[in-house]
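Colleague: Could you take me through this entry feature by feature, giving the general idea before the particular case?

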Amino acid sequence: MSALQTKRAPAEPGARRSAAPRSKSPADRRPRLVYVLLIALVVMFVLPLLWALSSSFKHRGDIFTYPPQPLPSPFTLENYTRLLETQPFWGWFATSTIVAVVSTAVSVFVCALAGFAFAKYRFRGKRLLFDVMFSSMAVPFAVIVVPLFVMLIKAGVTNVYFSLIVPWVAPAFGIFMMRQYAEQAVPDSVLEAARIDGASEFGLFTRVVLPLLRPALGALAVWSFLNSYNSFFWPLIVVSDPAQYTLPLGIQSLYAAEAHQVDLVLAGSVLAAIPSLIMFILLRKQLLDGLTAGAVKS
Amino acid sequence: MPSVARRRTLAPYAFISPFYLLYALFLITPIGIGGYLSLTDWAGLGTPLWVGLDNYTRLFGDASFLSAVVNTVLYVLFSVCVVVPAALLIAQGLNARGLRGRDFFRLTFFIPVVLSPIIIALVFTLFYDREYGLFNAALRGFFGWGGIDWLGEPSWAKVSVMLLVLWRWTGYLTIFFLAGLKNIPRELYEAAAIDGAGRVRSFRNVTLPMLKPVTAFVAVTVMVGTAQILEEPMLLTKGGPGEATLSVAMFIYREAFTRQQLGYAAAAGVVMFVIVFFIGRAANAAFGVGREK
């Protein structure tokens with residue numbers, strides 16, 4: 001109660017002039033309470049990551065102790081060295097990265113192209129085609145997994161890169177996002193001017209539209225990189241050769257092994273998380289704004 | 001050389017064609033094949049044996065499938081009734097006027113989405129550990145008792161999966177609500193305040209109606225997403241103990257790839273498709289998602 005009193009003291013007079021007097025005390029108390037709650041949430045969201053980080057520097061026997069020890073003592077790099085020496089970690093890393101980079105590049109291009117067409121052209125069947133595209137978002141992944149796997153086997157596709165990349169390079173969500181952005185970011189007058197200058201329609205797209213779409217391209221790129229880099233279910237189904245594992249599969253194989261190699265798994269998880277976090281931190285604003293732009297467009 | 005006008009009519013079709021090509025090959029075709037497989041008995045070798053609707057009748061009498069459906073419905077209800085409101089509340093907090101560090105909070109809450117589910121599941125497995133886990137240690141510290149068998153006892157295992165869902169998806173949904181809240185003009189709140197509306201009433205009369213499109217988007221995303229839940233139960237509990245946390249997607253995976261019952265798995269897929277697709281379409285139509293203009 002005393003904290004409340006001090007806060008109510010003349011510290012911020014007239015902060016909410018328009019509010020009715022009776023609601024004054026909760027209004028003044030609110031910012032502090034909001035901060036307390038938000039900081040508690042930050043702890044909840046960050047704690048698991050810090051715990052993993054800290055545990056990855058513990059000796060195997062110290063990972064499970066009671067009471068739990070927050071910091072590694074003694075500190076050791078053994079989990080990391082052992083992971084890198086005994087497991088093809090860099091191979092997993094390479095597979096994941098190549099798959100993620102290629103799918104991202106292709107899907108950003110395909111989605112931007114289609115999104116632009118939906119945003120800036122009038123053509124017959126547009127409404128229907130858009131609806132067909134949009135409703136594909138409601139097709140559960142688990143439904144096509146089995147038949148798609150059968151198709152790839154029957155078609156004799158053994159290339160892991162093909163199976164991991166090609167079926168997923170045209171996400172409807174990406175097209176939707178691009179259309180939403182292109183509608184407001186690409187003025188018709190600019191397109192007309194470029195046409196008068198003799199640009200072809202495709203030239204228009206590469207030279208005029210793509211640069212205008214840049215923020216949305218960034219958002220879609222992070223989104224699709226993270227999706228691909230972190231994906232677990234589909235690789236689990238199509239990749240059977242341990243030499244071709246992606247990072248999530250490699251880590252899972254360590255954990256699924258008889259001994260639950262938690263020490264190695266933790267080190268691997270920390271290393272695997274670094275690229276995702278870097279990507280996210282570099283392009284955070286674009287990603288968050290781009291993701292929400294489609295949903296909240298007024 | 002086609003005329004300029006003609007090129008202009010054809011261009012959009014050319015631009016959307018890569019998508020529809022992939023769509024036909026990797027979405028429509030699998031759905032068709034799935035429909036066919038669901039009417040057969042097939043272990044992956046030889047020719048599928050036509051069995052008509054047998055798989056479907058078997059499914060509805062299969063206790064495993066029914067518990068997978070019940071669990072999945074529970075997960076969906078939890079998402080809609082707990083995760084969505086939690087995200088909305090956090091967004092309300094983040095939207096408080098003059099809040100400092102909004103971007104920092106928003107970013108931090110989003111982090112779970114950025115990480116691979118395998119990493120998250122592993123850390124939570126450590127936390128849920130009965131003897132050495134942080135959760136029980138915290139309970140012991142605060143209440144002097146903490147012997148919950150988080151992953152081993154059927155009801156607690158469900159709770160554990162749900163807590164993971166909450167942790168993993170709340171921050172993601174929050175950013176949508178926050179963006180929606182920022183779009184609401186301040187004047188509306190001021191007008192409500194002049195009319196004598198308190199906090200609760202202005203939330204009900206201004207915030208909720210104005211947030212309808214975002215809420216619709218979030219609700220549809222969450223329903224369709226949670227209906228497909230796989231990673232959380234699979235990595236945390238492998239669907240167990242028994243089948244206490246088994247989801248429909250896991251059921252499909254298990255039938256197809258560990259039991260080689262491809263026809264049966266395909267039938268479960270078709271059932272899931274029908275349910276999810278129509279829920280999605282109905283919700284879309286009801287809320288008008290993606291159809292502005």
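Modeller: We shall go from the overall build of a chain to its backbone details, and then to domains and the contact between chains.

Colleague: Before I read anything off the coordinates, what kind of model is this?

Modeller: This is a predicted model, and local features are read where pLDDT is at least 70.

Colleague: How many helices and strands does chain B have, and what box do its C-alpha atoms fill?

Modeller: A count of secondary structure elements is a reasonable place to begin. Chain B has 13 helices and two strands, and its C-alpha atoms, taken along the principal axes, fill a box of roughly 80 × 75 × 35 Å. Of the 293 residues in chain B, 44% are buried, and among its contacts with a separation of 6 or more, 66% join residues 24 or more positions apart.

Colleague: Which stretch of chain B does UniProt list as a domain?

Modeller: An annotation can be set beside the coordinates. The unreviewed UniProt entry lists residues 65–283 of chain B as "domain: ABC transmembrane type-1"; in the model that stretch is 78% helix and 0% strand, with its end C-alpha atoms 25 Å apart.

Colleague: How should I read the span of a helix such as α7 of chain B, and where is its kink centred?

Modeller: The end-to-end distance is set against the expected span, and the local bend is then examined separately. Helix α7 of chain B, residues 154–182, has 29 residues and reaches 42 Å from its first C-alpha to its last, close to the 42 Å expected at 1.5 Å a residue. In α7(B) there is nevertheless a kink of about 40°, centred on W169(B).

Colleague: Why would a positive phi or a cis peptide bond catch the eye?

Modeller: They catch the eye because most residues other than glycine have a negative phi, and most peptide bonds are trans. In chain B, K238(B) has a positive phi near 55° without being a glycine, and it sits in the loop between α11 (231–237) and α12 (248–258). Q260(B), also not a glycine, has a positive phi of about 55° and belongs to the loop between α12 and α13 (262–287) of chain B. In chain A, the peptide bond from S73(A) to P74(A) is cis, with omega near 0°, and P74(A) lies in the loop between α3 (60–63) and α4 (78–86).

Colleague: Why do K238(B) and Q260(B) count as partly exposed?

Modeller: The class depends on counting neighbours, since a residue is buried at 20 or more other C-beta atoms within 10 Å and exposed at 12 or fewer. K238(B) has 14 C-beta neighbours inside 10 Å, so it counts as partly exposed, and Q260(B), with 13 other C-beta atoms within 10 Å, is therefore partly exposed as well.

Colleague: How is chain A divided into domains, and how many residues of each are in contact?

Modeller: Bounds are taken up before contacts. Chain A is assigned domain 1 (2–7 + 18–81) and domain 2 (87–296), whose C-alpha centres lie 33 Å apart. Eight residues of domain 1 are in contact with seven residues of domain 2. On the domain 1 side, α2(A) gives the most, with three residues, and by class that side has four nonpolar, three polar and one charged residues.

Colleague: How many residues of chains A and B are in contact?

Modeller: The two sides of an interface are counted separately: 82 residues of chain B are in contact with 76 residues of chain A. Helix α1 (residues 4–37) of chain B supplies the largest share of the chain B side, 20 residues, and the residues of that side divide into 57 nonpolar, 15 polar and ten charged.

Terms used:
Residues numbered from 1 in each chain as written. Chains lettered and ligands numbered in written order. Predicted model: local features only at pLDDT ≥ 70, side-chain atom pairs only at ≥ 80, totals over all residues. Helix = DSSP H or I, 4+ residues; strand = E, 2+ residues; numbered from the N terminus. Domains from an automatic or database assignment. Nonpolar A, V, L, I, M, F, W, Y, C, P; charged D, E, K, R; others polar. UniProt positions renumbered as here; feature names shortened; annotations may be inferred. Expected span 1.5 Å × (residues − 1). Bend = angle between axes of the 7 residues up to and from the residue.
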